[in-house]
Structures are given as C-alpha cells and as structure tokens.
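Trainee: I am new to this structure. Please take one part, the interface, and go through it closely.

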Amino acid sequence: MAFQGAFAIITAALISGAIVERMRFGAYLAFIVAWIVAVYAPVAHWVWGGGFLAGDGALDYAGGAVVHVNAASAALVAAIVVGPRKDYGRHAILPHNVPFTLLGAGLLWFGWFGFNAGSALGATPAAALAFVNTLLAPSAALAAWTLLDMARSGRVTAGGGATAIVVGLVAITPAAGYVGPGSALALGALGALPSYFALILRARTRLDDSLDVVAAHGVGGATGAILTDVFADAAWSGGPSGAIDGNPWQVAIQAYSLVVVLAYSGAATFVILKTIAIVLPLRNGRRLEGVGLDVAEHGEEAYTAGDGAILVQPHGAVLAAALDVVPVGEGGRP
Amino acid sequence: MRLIVAIIRPEQLSDVLEALFHAEVRGLTISRVLGHGGETEHVENYRGTTVKMALSEKVRLEIGVSNHFVQPTVDAIMAAARTGEQDQDAVTPVVGTRT
C-alpha cells in the first residue's frame with residue numbers, strides 16, 4: 001500500500017513540473033486529488049491490477065506507461081490549459097541552482113533502485129536484474145547525451161547530464177526486470193536520443209513545460225516502453241519475450257497500450273482542469289506572478305536576509321507579562 | 001547630459017529594459033537595493049514568528065543621457081514600470097539632475 005502510494009505521489013511531482021511558478025496552490029491541490037482518483041488509479045488497475053491492458057499483454061515493469069507516460073500526458077495538457085509563465089518566450093528564464101539539480105538527480109537515481117528493484121516484490125533474482133539495469137541504463141543515457149552535446153555544441157553541461165540521468169531512469173523503468181544487462185545499456189543509450197531532440201524542439205515552441213516533463217518522462221517513457229518489447233528476453237527474466245526474442249507482435253500491443261494511456265490521461269486532465277477553473281481560478285494575476293508565488297501565496301521567501309522585517313507581536317500580553325518583558329522604545333530605552 | 005535615477009520593482013525590470021531598448025537608450029547601470037515605497041507590506045510566517053516585510057527588493061537604474069533623450073527615457077521607464085494597480089504604483093520615482 002505504501003509502496004504503491006509512492007508510485008501515485010510521484011505522478012503529482014511530475015505534473016507539477018509543467019505548471020510550476022504559475023498555477024495557484026489551491027487549484028493544484030484540487031487538481032491532483034481529482035487526478036489521482038480519476039486517472040492514476042484506473043490506469044494503474046488496467047496495467048497492473050489485471051485490467052484490460054494487462055489482459056492484452058502490455059508490459060510495464062515499474063511504471064513506464066502507468067507513471068511516466070500517464071503523468072507526462074497530463075503535464076502536456078496542464079501546461080497548455082494553464083498557459084505559459086508571463087515571461088516565457090520573452091525573457092530568458094534560467095535554472096535557479098545547478099548544484100541542487102545535480103543533488104536531486106543523485107537522490108532520484110538512488111530512490112529509483114527502490115522503485116525498480118522493489119517492483120519484483122521480493123529479494124529475488126528479478127530484483128537483482130532490475131537493480132543492475134537501473135544502474136546501467138542511465139549510465140548509457142548519460143554517455144549518449146554527453147556525446148550528443150559534444151557533437152552539437154562542443155560543450156557538455158551538468159544540467160544536461162542531470163536530464164540524461166532522468167531520461168535513462170525513465171526509459172529503463174518499464175523494462176527493468178524484463179531485459180538483460182547488455183540490452184539495458186543499449187536501451188539507455190537509444191532512449192536518450194528522442195528525448196534529446198524533443199527537448200530542443202520544445203524550446204522552440206510556446207509550450208512552457210518548465211521542467212521538460214514531456215520530453216524527459218513522456219518521450220523517454222514511451223521510447224523505453226517500446227524498447228522493452230524489442231529487448232525483452234525470456235532467458236533473463238523467465239517471463240515474456242520481445243521482438244528480438246522472436247515475438248514481434250509484442251511491440252504493437254505495447255504501442256496500443258501507450259495510445260490508450262495517452263488519450264485517456266490527456267482527455268481526463270483537460271476535463272478536470274476545466275471543471276476546477278469554473279470554481280477556482282487556476283492562476284494569479286501577472287503582478288503576483290512577477291512577485292513570485294512564494295511571497296504571494298505562501299508568505300515565505302526561500303532566501304531572505306531579513307532586512308526590514310518587523311516582528312508582529314502575537315495577540316494577548318499573557319506571555320509578555322509572564323516573562324517580564326519590558327517594551328523597548330526608540331534608542332533602546334524602556 | 002543628465003543622470004536619470006529610477007527605482008522600480010524587480011518584477012518590472014525585464015519590461016523596463018525592453019522599453020529602454022526600444023527607446024534606443026544604450027548604456028545603463030542597475031543595482032539591487034532594498035526600499036519602501038509606501039506600498040502595502042506583505043506578511044510572512046516562519047515557525048510561529050510572524051513578520052511584516054517593511055523593506056522589499058527594488059532595482060535602481062542609473063542612466064546618463066543627453067538632454068534631448070531625457071523625455072523619451074523617462075517616458076519609457078514610466079510606461080513600462082507601471083503595474084496598473086494604484087496602491088502598488090507609488091514606487092516609480094524618476095529623478096533628473098544636471099551633471
């Protein structure tokens with residue numbers, strides 16, 4: 001229950017990446033509650049709970065379609081419905097802290113061993129296979145991304161490397177316990193390609209997918225899911241066979257399951273957001289957005305020096321009397 | 001030659017720079033400062049402590065221009081720095097001094 005709940009809550013984090021710095025907190029909370037119940041739960045049941053996609057033979061070891069493609073489809077629709085940040089496409093909006101990004105990528109990689117190896121639901125050989133694959137695929141994705149960066153611009157960036165790690169993790173997720181380690185390396189490297197170019201393409205559009213959820217999780221998840229059915233190897237997993245292992249039909253089944261998830265998640269997200277928008281505004285005004293939602297909505301700043309902060313005394317002088325506090329006037333005199 | 005000093009809200013900086021660029025004003029210096037422009041103070045909370053932020057971040061622009069450029073520069077700043085919300089608009093003084 002707690003393990004499955006972790007899969008559900010990661011989708012909320014993923015979708016938030018497409019609407020950060022603009023969607024109102026209350027509307028986001030309402031959306032995510034409705035979305036988990038109306039979209040995540042049924043999709044998880046279709047693929048993992050013996051629903052119709054499981055019956056058709058769709059393979060998803062640890063959430064390629066259920067978590068990543070599902071959340072990315074919602075993120076795409078949410079980014080369009082909520083609209084871009086006020087300065088998007090007019091002024092450069094730069095990453096806030098590259099060391100934090102790398103720290104986050106490291107934490108994600110570590111946590112992902114739990115997601116993928118844990119999906120074996122036991123300390124089994126399949127868990128060991130998923131664990132090793134979760135190490136190898138992002139490594140290959142990082143290497144491929146680095147080479148692409150070198151070839152395209154001649155420079156390699158740390159922020160790009162963090163994205164590459166996430167793309168590799170997403171790509172191996174549906175395949176973790178189904179493919180051999182050699183295939184995991186190939187899958188990670190191949191999985192990096194579509195996301196790399198999707199990200200460049202996104203930057204040329206008006207789509208303000210702030211943290212590239214669609215490029216990393218949607219494109220990466222779909223590529224990984226298709227490649228799962230190319231590389232799945234019964235000799236390693238004792239389970240299903242993929243195209244290379246003599247079962248080319250499996251790829252078509254997987255493509256069908258991805259289309260179903262994409263379409264349902266996108267359509268349902270649109271309906272949920274439009275319904276919420278009738279009751280709650282999805283955004284603040286331009287000025288509050290410029291000030292920043294930390295101050296405007298949460299009354300808290302991440303990096304305040306405290307200059308000019310006036311202490312507001314709590315109501316009721318009981319505490320002050322008990323502590324014998326003397327009010328201090330100007331110049332420090334009582 | 002005149003020195004124009006303007007203190008604006010940081011969230012308007014991009015708009016002001018864009019307006020100055022369109023007004024063909026080249027060469028300026030900005031600094032990040034703290035100030036109070038008579039606006040409503042916002043309230044923040046930190047672990048049970050409630051504070052009112054009397055000073056907020058501002059951006060100070062210093063632009064040296066020739067005399068015939070003073071009016072276009074001031075107009076550009078005034079137009080772009082206005083937020084359109086009355087109470088919040090007090091913070092756009094523009095000063096010209098002879099140098």
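Mentor: Two strands pair if DSSP finds at least two bridges between them. Helices (H or I, at least four residues) and strands (E, at least two) are DSSP runs, numbered from the N terminus. The model is predicted, so local features need pLDDT of at least 70 and side-chain atom pairs count only at pLDDT 80 or more, while totals for chains, interfaces and linings use all residues. Residues are numbered from 1 along each chain as its sequence is written, chains are lettered from A and ligands numbered from 1 in the order in which they are written, and side-chain values use heavy atoms, without hydrogens and water.

Start with the strands that cross from one chain to the other. Strand β1 of chain A, residues 309–311, pairs with β4(B) in the antiparallel sense over 3 bridges. Within that pairing, Ala309(A) has Met53(B) in β4(B) as its bridge partner. Inside chain B, strand β4 (residues 49–53) also pairs with strand β3 (residues 42–46), again antiparallel, over 5 bridges. Here Met53(B) of β4(B) stands opposite His42(B). Met53(B) thus faces His42(B) in one pairing and Ala309(A) in the other. The hairpin of β3(B) and β4(B) has 2 residues between its strands, and Arg47(B) takes a positive phi near 40 degrees there.

These strands belong to a chain with 2 helices and 6 strands. From the N terminus on, the elements of chain B run β-α-β-β-β-β-α-β. Chain B has 99 residues, and 38% of them are buried (under 20% relative accessible area with a 1.4 Å probe, protein chains only; exposed is over 50%, partly exposed in between). Of the contacts in chain B (heavy atoms within 4.5 Å) with a separation of 6 or more, residues 24 or more positions apart account for 75%.

Now the interface as a whole. On the chain B side 21 residues are in contact with 18 residues of chain A. The size of an interface is often given as the accessible area lost when the parts come together. Chain B and chain A bury about 1700 Å² between them (the accessible area, 1.4 Å probe, that two parts lose on being put together, summed over both), and 53% of this is on carbon and sulfur atoms. Glu11(B), Tyr46(B) and Lys52(B) supply 26% of the area that chain B buries against chain A, more than any other three residues.

Next come the polar and charged pairs. Between chain B and chain A, 6 residue pairs are in polar contact, both residues at pLDDT 80 or more. A polar contact is a pair of N or O atoms within 3.5 Å; within protein, one must be able to donate a hydrogen and the other to accept it, and residues adjacent in sequence count only if both atoms are side-chain atoms. Three elements of chain B give two or more residues to the side that touches chain A: α1 (13–22), β3 and β4. By class, that side has 7 nonpolar (Ala, Val, Leu, Ile, Met, Phe, Trp, Tyr, Cys and Pro), 7 charged (Asp, Glu, Lys and Arg) and 7 polar residues (the others, Gly among them).

The interface also has 3 salt bridges (a side-chain nitrogen of Lys or Arg within 4 Å of a carboxyl oxygen of Asp or Glu). A search over all chains of the structure finds 13. In one of the bridges between the chains, the side chains of Glu18(B) and Arg90(A) meet at 3.5 Å, N to O. Another salt bridge has Glu11(B) and Arg287(A) as its partners, at 4.0 Å, N to O. Glu11(B) lies in the loop between β1 and α1 of chain B and Arg287(A) in helix α12 (residues 286–291) of chain A, so this pair joins two chains. Glu11(B) and Arg287(A) are both buried. Salt bridges that share partners also join Lys86(A), Asp87(A), Arg90(A), Asp15(B) and Glu18(B) into one network.

The loop that holds Glu11(B), between β1 (2–8) and α1 of chain B, is also the place of Arg9(B). Arg9(B) is buried, with a relative accessible area of 9%. From Arg9(B) to Arg32(B) there are 23 residues in sequence and 10.0 Å in space, C-alpha to C-alpha.
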